[in-house]
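Got your viewer open and a selection box ready? Let's take a short walk through this one, stop by stop.

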Amino acid sequence: MQKDLGNYRRSYEKSGLDEATIKENPLEQFQKWFYEVEAGQGIDEPNAMTVSTLGLDGFPKSRVVLLKKYTDQGFIFYTNYNSEKGRAIEAYPQICLSFYWPNLERQVIIKGRAEKLAANLSDGYFESRPMGSQLGAIVSPQSEVVASRETLESALVALEDEYRDKPVLRPSHWGGYLVRPISMEFWQGRPNRLHDRIRYSLQGDHSWLIERLAP
Ligand SMILES: Cc1cc2nc3c(=O)[nH]c(=O)nc-3n(C[C@H](O)[C@H](O)[C@H](O)COP(=O)(O)O)c2cc1C
């Protein structure tokens with residue numbers, strides 16, 4: 001079985017990235033791009049990002065997770081702390097986040113250190129979730145082998161009964177990570193494969209070195 005994909009070829013022509021007009025701070029540049037991608041439409045979940053971790057088995061692993069907030073400090077997502085990614089982050093907090101936004105032919109790659117979000121912030125976000133998602137977080141031992149789908153569904157039904165009249169509190173194994181960036185690379189597709197790549201690298205605590213990389 002085979003399929004040749006050599007004819008998938010596209011010229012990227014929608015935009016450019018210029019040292020003269022980019023922001024000095026990469027989080028502000030991220031915000032600018034994020035707003036433009038949202039406004040450009042054509043992407044259902046512009047906050048879907050690939051999170052790559054160094055696994056305990058020595059393999060890198062990537063999976064899609066939703067970015068739920070960004071601030072001056074960094075990028076926040078929520079997950080199960082006991083999951084495969086949670087255990088990987090515990091051992092190796094240095095992780096990579098990446099976004100691909102085909103509507104504007106852009107990619108952003110962020111390297112940073114992940115830390116557990118303060119418990120009260122995770123509580124606040126958990127509280128804002130629909131009850132079905134709250135119970136799902138309790139019922140699902142994320143990344144563990146389960147006997148069947150029915151096992152999960154009947155555990156959920158039992159919990160729905162139990163929590164009919166009481167609020168669902170955040171389980172301690174579920175919460176947010178804040179990823180503090182140390183490097184952020186912005187990629188803008190350009191014609192003739194001469195794409196723009198601008199990398200910001202953190203120098204000390206606050207200042208960012210800005211460099212252009214060859215495509
Ligand atoms: C669009 C999309 C959004 C997702 N969002 C999340 C999320 O916010 N948090 C999460 O834990 N998993 C999310 N997942 C599931 C993860 O990709 C992954 O299956 C799960 O986190 C278990 O990963 P792990 O076993 O490597 O820890 C999402 C998947 C997709 C496709």
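The tour goes from the whole chain to the ligand and then to a pair of helices.

**Stop 1: the whole chain.** Keep in mind that you are looking at a predicted model. Show the chain as a cartoon and colour by secondary structure: you should find 5 helices and 8 strands. Trace the chain along the sequence and the order reads α-β-β-β-α-β-β-α-α-α-β-β-β. For a sense of scale, the C-alpha trace spans about 60 × 50 × 40 Å along its principal axes.

**Stop 2: the ligand shell.** Now select the ligand and the 13 residues around it; Arg63, Val64, Thr79, Lys85 and Ser143 come nearest. Colour that shell by class and you get 4 nonpolar, 4 polar and 5 charged residues.

**Stop 3: the polar contacts.** Zoom in on the oxygen atoms of the ligand. Start with arginine 63, where a polar side-chain atom sits 2.8 Å from a ligand oxygen. Move to valine 64 and display its backbone, since here a backbone N or O atom lies 2.6 Å from an oxygen of the ligand. Then pick lysine 85: an N or O atom in its side chain is 2.6 Å from a ligand oxygen. Switch on a surface next: the ligand taken alone exposes 620 Å², and the protein buries 65% of that.

Which elements give two or more residues to the shell around the ligand? Select strand 2 (60-70), strand 3 (75-80) and helix 2 (84-91). Strand 2 supplies the largest share, with 5 residues.

**Stop 4: two helices crossing.** Hide the ligand and select residues 131-139, helix 4, together with residues 149-162, helix 5. At what angle do the axes of helix 4 and helix 5 cross? Roughly 120 degrees, and the axes come within 10 Å. An angle between 115 and 145 degrees is classed as oblique, so helix 4 and helix 5 are oblique to each other. Rotate the view to check the hand: helix 4 passes helix 5 in a right-handed crossing.

Conventions:
Residues numbered from 1 in each chain as written. Predicted model: local features only at pLDDT ≥ 70, side-chain atom pairs only at ≥ 80, totals over all residues. Heavy atoms only, no water. Near = heavy atom within 4 Å. Polar contact = N/O pair within 3.5 Å; in protein donor to acceptor, adjacent residues only side chain to side chain. Areas by Shrake-Rupley, 256 points an atom, 1.4 Å probe, with all protein chains shown as cover. Helix = DSSP H or I, 4+ residues; strand = E, 2+ residues; numbered from the N terminus. Nonpolar A, V, L, I, M, F, W, Y, C, P; charged D, E, K, R; others polar. Axes fitted to C-alpha atoms, helices over the stretch in contact; angles between N-to-C directions. Parallel < 35°, antiparallel > 145°, perpendicular 65-115°, else oblique. Left-handed = near helix turned anticlockwise from the far one by under 90°.
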